[in-house]
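Please look through the model shown here before reading on. The paragraphs below go from the chain as a whole to a few selected places in it.

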Amino acid sequence: MPLPKPRPKEKRSVDNEIYRRRTAAAGIVMVSVRVPSARVAEIKAIALDWRREAKLLLESDLPSADQILQIHAVCHALDQPIPPEAFETRATAAAWLHAHERKLGQRRIRIPRHHTADK
């Protein structure tokens with residue numbers, strides 16, 4: 001059985017960009033973590049759990065972080081309760097947002113910004 005040929009550089013960069021977009025849309029960000037130089041078994045287990053959870057989040061069909069913020073902002077602008085059914089899948093979130101575009105009219109929605117601890 002012959003070994004698979006390596007992907008060309010252009011294909012790898014396209015695939016990497018698609019992966020980065022998916023992770024960003026799912027609200028997953030890369031975080032640098034400092035660990036002790038001595039090997040600690042618990043740290044490896046924690047890292048494996050983080051990776052497993054991130055993979056499950058990517059494979060799930062949950063709404064993106066942007067969709068969640070938009071739904072909250074629209075509900076706030078229209079002064080209506082937050083609908084739990086809008087958060088079932090990405091498709092239901094997109095459909096809910098599309099259905100409420102007309103109700104918004106010319107009103108601007110204010111999406112909350114993430115506050116950083118650096119300030």
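In this predicted model, buried residues account for 15% of the 119 residues in the chain. The chain exposes about 10600 Å², and carbon and sulfur atoms supply 58% of that area. There are 5 helices and 0 strands, so the pattern read along the sequence is α-α-α-α-α. Among the contacts in the chain with a separation of 6 or more, 64% are between residues 24 or more positions apart.

Next comes the pocket. The largest pocket has a volume of about 620 Å³. It is lined by 16 residues, and the closest to its centre are I28, V29, M30, R51 and A54. Which helix gives the most to this lining? Helix 2 does, with 8 residues. Helix 1 (9-25) and helix 2 each supply at least two residues of the lining.

Helix 2 spans residues 41-59 and contains I46. The relative accessible area of I46 is 42%; I46 is therefore classed as partly exposed, the range between the 20% limit for buried and the 50% limit for exposed. I46 also belongs to a nonpolar surface patch of about 720 Å². The other members of the patch are V29, V31, V33, V35, V40, I43 and W50. V29 thus appears in two places in this account: in the patch and among the residues closest to the centre of the largest pocket.

Two loop residues remain. D79 sits in the loop between helix 3 (65-78) and helix 4. Is D79 buried or exposed? With a relative accessible area of 72%, D79 is exposed, because this value is over 50%. The backbone of D79 has a phi near 55°, a positive value in a residue other than glycine. Most residues other than glycine have a negative phi.

H100 is found in the loop between helix 4 (90-99) and helix 5 (101-104). Its relative accessible area is 9%; because this is under 20%, H100 counts as buried. Which residues is H100 in contact with, leaving aside its neighbours within four places in sequence? They are V74, L78 and Q80. Of these, V74 and L78 fall within the residue range of helix 3 (65-78). The two loop residues can be set side by side: D79 is exposed, whereas H100 is buried.

Conventions:
Residues are numbered from 1 along each chain as its sequence is written. This is a predicted model: local features need pLDDT of at least 70, side-chain atom pairs count only at pLDDT 80 or more; totals for chains, interfaces and linings use all residues. Side-chain values use heavy atoms; hydrogens and water are left out. Helices (H or I, at least four residues) and strands (E, at least two) are DSSP runs, numbered from the N terminus. Buried means under 20% relative accessible area, exposed over 50%, partly exposed in between (1.4 Å probe, protein chains only). Contact means heavy atoms within 4.5 Å. Patches are made of residues with over 30% relative accessible area and no salt bridge: like charges are joined within 9 Å, nonpolar side chains (Val, Leu, Ile, Met, Phe, Trp, Tyr) within 5 Å. Accessible areas come from the Shrake-Rupley method with a 1.4 Å probe; for residues, only the protein chains shown count as cover. A salt bridge is a side-chain nitrogen of Lys or Arg within 4 Å of a carboxyl oxygen of Asp or Glu. On a 1 Å grid over the protein atoms alone, a cavity is a set of points where a 1.4 Å probe fits but cannot get out, and a pocket is an open set with protein on both sides within 12 Å along at least five of seven lines; lining residues have an atom within 4 Å of a point. Grid points are joined across faces, edges and corners, and a volume is the space filled by probe spheres set on the points.
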